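Grab a coffee and work through these exercises with the model open beside you. Each one sets a task and then walks through the solution.

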Amino acid sequence: MSGKTEILYTRRYRDDAVNLLKPEAFPLYTATAFGANSLSEIKEAYRQGYTYIRTNNPDREVLANQVTALEAPGMKRESLIFSSGMASISNTLEALLSPGDHIITHRSLYGETQGVLKLLKEKMGVESDSVDLNDPQSVRRCIRPNTRLLYAEVCANPNMDLVDIPAVAQLAHEHGLLLMMDNTFTSAVSIKPLTLGADIVISSMTKFMCGHSDVILGCMTSTPEIVEKVYPVSKLLGTPADPFPCWQAIRSLETLFLRVETQMRNAAALAAFFESDPHVVRVNHPSLDSFPQRDVAKKLWKDDAAMAGIMSIVLNTEDEAKMDAFMRKLKYAHYATTLGGIHTTLNHPCTSSHRNMPDDQRRAVGITPAMLRVSVGIEDVEDLKEDFHAAFAALDA
Ligand SMILES: Cc1ncc(COP(=O)(O)O)c(C=O)c1O
């Protein structure tokens, strides 16, 4: 055998080792395909094995099972893992909606989800209405014979706008509609929408789920019947996630509770600290009595320190030079166009997510140039308080 051939076919390892299939960390399977020695083995692989990377992959499957365990403990549910949060949203909607269908969304929605709705309207004639889903009268007024689902985020950017999930689920089911929820801002450590009546939950795993700002992934969990409708769409559109980020996410989820519980506890403590500081005129976090939907928050959560690792604050000035000085003075918290990571990060809605919204419309919903979104990390919260306290002085200059 020539060396050229030998290098291709010599993969010597102990494939009869008693513990080969018991590695302490789950292996990364980058293989695009799994081999077979005979036609009967191929048939068996199609029935219950692995075939081709876009169709199935061990890392994606392990991760999907972890997500199901998180989102739907004890329920007969399944999950799919997508290449991004947007893929989980767009593929699920595409799979469940037909031309001419109608959906109703909550008034606050991630901008790119609104972009998907625009595309669905232009390409498939799927119409949508945006209302306050907490107001049953408004929802009932919008329901048409072709309405298929209600869509909301558990906690919406940047005001932390909530929906009363059990009440909205009941309303949806009274009218034969599905309730689909985006759990990106909260994660299943905080809340499990499926256990509160929602039918479908999606998340951008890029955020709290993965938590290290180094992975892009999305997930969707629902009944086996719904998953069976969405899976072929994902497979055909080519959105099943690559194994490497799945492998990273398997690791990330093993520390999910440690991270997110700390982030939520830190956020509640920081929210109270911000509220007591004169440089901050408004804090939007569901743990505070000043939060406009405090009654909904109390219905959804029992523990104020376990609601969300994110909030928005409004500073006492819109002066950009002062805000720049404040941001430069911070030692730990820093600007980043993401959220949910283990480091505390800031975001400025007026220059990012809401930059294309007219100023008067933004102000009408409380979004001003003085607003910052704060995604809280796992630092010692006393260090964070000290850091913000010192940097706030820059606003007085
Ligand atoms: C609420 C929400 N849903 C979905 C997404 C999309 O996620 P991804 O960037 O992973 O596609 C984001 C991204 O910021 C988000 O904030």
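**Exercise 1. In which helix is Leu-384 found? Work out its surroundings too.**

Before starting, note that this is a predicted model, where local features need pLDDT of at least 70, side-chain atom pairs count only at pLDDT 80 or more, and totals for chains, interfaces and linings use all residues. Residues are numbered from 1 along each chain as its sequence is written.

Step 1. Find the element: Leu-384 is in helix H14, residues 381–392. Helices (H or I, at least four residues) and strands (E, at least two) are DSSP runs, numbered from the N terminus.

Step 2. Check burial. A residue is buried if 20 or more other C-beta atoms lie within 10 Å of its own, exposed if 12 or fewer, and partly exposed in between, with C-beta atoms placed from the backbone. Leu-384 has 23 other C-beta atoms within 10 Å, so it is buried.

Step 3. List the contacts, meaning pairs whose C-beta atoms, placed from the backbone, lie within 7 Å. Leaving aside neighbours within four places in sequence, Leu-384 touches Asn-266, Leu-270, Tyr-332, Ala-333, Thr-344 and Glu-379.

Step 4. Try a long hop: Asp-242 is 142 residues from Leu-384 along the chain, and their C-alpha atoms are separated by 36 Å.

**Exercise 2. Trace the open sheet of five strands and place E14 in it.**

Step 1. Read off the order, E10-E11-E14-E13-E12, with mixed pairing. Two strands pair if DSSP finds at least two bridges between them.

Step 2. Mark the edges: E10 (280–284) and E12 (334–335) each pair on one side only.

Step 3. Take the neighbours of E14. E11 (residues 310–315) runs antiparallel to E14, joined by five bridges, and Ser-312 has Arg-373 as its bridge partner in E14. E13 (residues 345–347) also pairs with E14 in the antiparallel sense, over three bridges; here Leu-346 stands opposite Val-374.

Step 4. Go on to E12, which pairs with E13 in the parallel sense over two bridges. His-334 has Thr-345 as its bridge partner in E13.

Step 5. Ask how covered E14 is. Five of the five residues in this strand (371–375) are buried. Met-371, Arg-373 and Ser-375 sit on one side, Leu-372 and Val-374 on the other, and both faces are covered.

**Exercise 3. Which peptide bond is cis, and where do Met-160 and Ser-213 lie?**

Step 1. Know the background: most residues other than glycine have a negative phi, and most peptide bonds are trans.

Step 2. Spot the cis bond. The bond from Asn-157 to Pro-158 is cis, with omega near -10°. Pro-158 belongs to the loop between strand E5 (155–156) and strand E6 (161–162).

Step 3. Look at Met-160, which lies in the loop between E5 and E6. Met-160 isn't a glycine, but has a positive phi of about 65°. With 26 other C-beta atoms within 10 Å, Met-160 is buried.

Step 4. Now take Ser-213, in the loop between strand E8 (200–204) and strand E9 (218–222). Ser-213 has a positive phi of about 55°, though not a glycine either. With 15 other C-beta atoms within 10 Å, Ser-213 is partly exposed.

**Exercise 4. Describe the residues around the ligand.**

Step 1. Pick out the nearest: Ser-84, Gly-85, Met-86, Ser-204 and Thr-206 come nearest among the 13 residues around the ligand. A residue is near a molecule if its C-beta atom, placed from the backbone, lies within 6 Å of it.

Step 2. Sort by class. Ala, Val, Leu, Ile, Met, Phe, Trp, Tyr, Cys and Pro count as nonpolar, Asp, Glu, Lys and Arg as charged, and the others, Gly among them, as polar. The shell has four nonpolar, seven polar and two charged residues.

**Exercise 5. Split the protein into domains and describe how they meet.**

Step 1. Take the bounds from the domain assignment, which is automatic or from a database: domain 1 is 56–254 and domain 2 is 256–395.

Step 2. Count the contact residues: 25 come from domain 1 and 34 from domain 2.

Step 3. Classify the side of domain 1 that touches domain 2: eleven residues are nonpolar, twelve polar and two charged.

Step 4. Finish with the whole protein, where 41% of the 397 residues count as buried.

Key: Contact = placed C-beta atoms within 7 Å.
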